[in-house]
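Thanks for coming. I will take a few minutes to walk through one structure, so please have it open in front of you.

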Amino acid sequence: MPGGARLTERQSEVIAHVAAGRATKEIARLLGVSERAVTAVLSRLFRRYGVPNRAGLIAAVLVEQAGPASEFAAYENAPFMAAATAGPQHRYLFVNGLASQVAGRPAAALVGRTVAEVYPDIDPQFIGALDEVYRSGRPWGTANAPARFTHDDGTYRDTRLNLIFQPIRDQTGRVSGILHVGTELPD
């Protein structure tokens, strides 16, 4: 938790609804509060975590709550892509169901391999971004980025993604990996 502070019950509820992909209006209705109240909670959370948007908030909270790769398993069925890599080679520790589906490969084909091994023709901007996040400890994000997923059989699928790379820190505060959070944009 930034500064060691805990989330309030209301903040936790709002984050859970955001992670489920709900809009502000729906969150307000479900919590029985005004949209303005939800927006105020979100604004405070964005400042607290130093993030610009909901995807960044989800990534920051996931990193804060997760430790070893097994703890990421809670996000297996999340309504957004989630993956975690370790080390400067960006070796996959975890890939959730939606990220696996978008990649067109089972998670077992990704976990234990590096991003470069899995995607030898990946756009260099993504590897550069991963390297920079690992080196600097600063999150990186992009919207509407073109991506090509080449499958083992040589076929490929082009898509567009919103992505956030959030540093994962060890107990000493050193960057030890990166959480990848994203959404695929509709055609």
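**Salt bridges, a helix pair and two backbone angles**

I start with a charged pair: Glu117 and Arg91 form a salt bridge, and their closest N and O atoms are 3.9 Å apart. This joins distant parts of the chain, since Glu117 belongs to helix 6, residues 115-118, while Arg91 belongs to strand 2, residues 91-95, and 26 residues separate them. Before going on, please note that this is a predicted model.

Are the two partners buried, partly exposed or exposed? Glu117 has a relative accessibility of 42%, so it counts as partly exposed. Arg91 has a relative accessible area of 35% and is therefore partly exposed too.

How many salt bridges does a search of the whole structure find? The search finds seven, and I will show two others.

Next is Glu132 with Arg135, a salt bridge whose closest N and O atoms are 2.6 Å apart. Here both residues sit in helix 7, residues 124-136, with a spacing of three residues, or about one turn of the helix. Glu132 is partly exposed, at a relative accessible area of 31%. Arg135 has 60% relative accessibility, and because the cut-off for exposed is over 50%, Arg135 counts as exposed.

The other one is the salt bridge between Glu184 and Arg157, where the closest N and O atoms are 2.6 Å apart. This pair again links distant parts of the chain: Glu184 is in strand 5, residues 175-184, Arg157 is in strand 4, residues 156-169, and they are 27 residues apart. As for accessibility, Glu184 is partly exposed with a relative accessible area of 31%, and Arg157 counts as partly exposed at 29%. Going back to helix 7 for a moment, Glu132 and Arg135 are joined with Arg138 into one network by salt bridges that share partners.

Now to the helix pair. In general, two packed helices are described by the angle between their axes and the distance between the axes. What are these for helix 1 and helix 2? Helix 1 covers residues 9-19 and helix 2 covers residues 24-31; their axes come within 10 Å and cross at roughly 135°. An angle over 145 degrees would count as roughly antiparallel, so with this crossing the two helices are oblique to each other. The crossing is right-handed.

Which residues make the contact? From helix 1 there are Arg10, Glu13, Val14, His17 and Val18, and they meet Ile27, Leu30 and Leu31 of helix 2. By type, the residues of this contact are five nonpolar, one polar and two charged.

Last, two backbone angles. Most residues other than glycine have a negative phi. Where are the exceptions I want to show?

One is His90, with a positive phi near 60°. His90 lies in the loop between strand 1, residues 81-86, and strand 2. With a relative accessibility of 3%, and under 20% being the limit, His90 counts as buried.

Another is Asn144, which is not a glycine but has a positive phi of about 55°. Asn144 is placed in strand 3, residues 140-150. Asn144 has 38% relative accessibility and so counts as partly exposed, whereas His90 is buried.

That is what I wanted to show.

Note on methods: Residues are numbered from 1 along each chain as its sequence is written. This is a predicted model: local features need pLDDT of at least 70, side-chain atom pairs count only at pLDDT 80 or more; totals for chains, interfaces and linings use all residues. Side-chain values use heavy atoms; hydrogens and water are left out. Axes are lines fitted to C-alpha atoms, for helices over the stretch in contact, and angles run from 0 to 180 degrees between N-to-C directions. Helices (H or I, at least four residues) and strands (E, at least two) are DSSP runs, numbered from the N terminus. Angles under 35 degrees count as roughly parallel, over 145 as roughly antiparallel, 65 to 115 as roughly perpendicular and the rest as oblique. A crossing is left-handed if the near helix is turned anticlockwise from the far one by less than a right angle, and right-handed if clockwise. Contact means heavy atoms within 4.5 Å. Ala, Val, Leu, Ile, Met, Phe, Trp, Tyr, Cys and Pro count as nonpolar, Asp, Glu, Lys and Arg as charged, and the others, Gly among them, as polar. A salt bridge is a side-chain nitrogen of Lys or Arg within 4 Å of a carboxyl oxygen of Asp or Glu. Buried means under 20% relative accessible area, exposed over 50%, partly exposed in between (1.4 Å probe, protein chains only).
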